[in-house]
Amino acid sequence: MSKKRFAIVGCGSIGKRHIAVLDAEPNAEIVAICDIDENAVRVQSELYDNLPYYTDYEKMLKEIDADIINVVTPHSL
């Protein structure tokens with residue numbers, strides 16, 4: 001089984017959990033993370049071996065190759 005490539009939009013409470021769970025999953029590869037809060041996304045990037053990160057999801061989607069996009073932003077968004 002080949003690894004599924006994930007990108008995650010949102011690095012708040014739930015986003016951090018998605019990143020941690022996917023990082024521990026041997027059949028998953030996180031290819032990028034994104035959040036409008038550059039400090040929050042940079043911190044997560046550094047915690048996980050300098051994952052590529054973005055502050056603009058449209059730019060991220062144009063530049064990465066992912067099988068699955070996890071959108072874990074607040075419900076109001």
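So, Q44. You'll find Q44 in helix 2, and keep in mind that this is a predicted model. Is Q44 buried or exposed? Its relative accessible area is 5%, and the cut-off for buried is under 20%, so Q44 counts as buried. What does Q44 touch, once we leave aside neighbours within four places in sequence? The list is C11, K16, I19 and I33.

Okay, let's widen the view to the helix. Q44 has company: V41 and S45 in helix 2 are buried too. Why do we say these three sit on the same side of helix 2? Because they cover an arc of only 105° around the axis. Swing round to the other side of helix 2 and you get E46 and L47, which are exposed. And what do the buried residues of helix 2 pack against? That would be helix 1, residues 13-24, together with strand 2 and strand 3.

Now the two ends of this helix. At the N-terminal end, D37 acts as the cap. One of its side-chain oxygens is 3.0 Å from the backbone nitrogen of N39. After helix 2 comes D49, and its phi is positive, near 60°.

Next, step back to D35, in the loop that runs from strand 2 (28-34) to helix 2 (38-47). Here's something to chew on: D35 is buried, yet it has no salt bridge. How far away is the nearest side chain of opposite charge? That's K16, at 9.0 Å. So what does the D35 side chain reach instead? Look at the backbone: it gets to the nitrogen of C11 at 2.7 Å. There's also the backbone nitrogen of D37, 2.8 Å from a polar atom of the D35 side chain. Remember D37, our helix cap? If we don't count residues up to four places away, D35 touches G10, C11, G12, V41, Y54 and T55. V41, you'll recall, is one of the buried residues of helix 2.

Last stop, the sheet. Strands of a sheet pair through backbone hydrogen bonds, either parallel or antiparallel. Which kind do we have here? Parallel: this is an open sheet of 4 strands, in the order 3-2-1-4. Strand 3 (53-54) and strand 4 (68-71) are the edge strands, each pairing on one side only. Strand 2 and strand 3 pair over 2 bridges, and I33 has Y53 in strand 3 as its bridge partner. And I33 brings us back to where we started, as it's one of the contacts of Q44.

Terms used
Residues are numbered from 1 along each chain as its sequence is written. This is a predicted model: local features need pLDDT of at least 70, side-chain atom pairs count only at pLDDT 80 or more; totals for chains, interfaces and linings use all residues. Side-chain values use heavy atoms; hydrogens and water are left out. Buried means under 20% relative accessible area, exposed over 50%, partly exposed in between (1.4 Å probe, protein chains only). Lys and Arg count as positive and Asp and Glu as negative; His and the chain ends are not counted. A salt bridge is a side-chain nitrogen of Lys or Arg within 4 Å of a carboxyl oxygen of Asp or Glu. A polar contact is a pair of N or O atoms within 3.5 Å; within protein, one must be able to donate a hydrogen and the other to accept it, and residues adjacent in sequence count only if both atoms are side-chain atoms. Contact means heavy atoms within 4.5 Å. Two strands pair if DSSP finds at least two bridges between them. The arc is that of the directions from the helix axis to the C-beta atoms.
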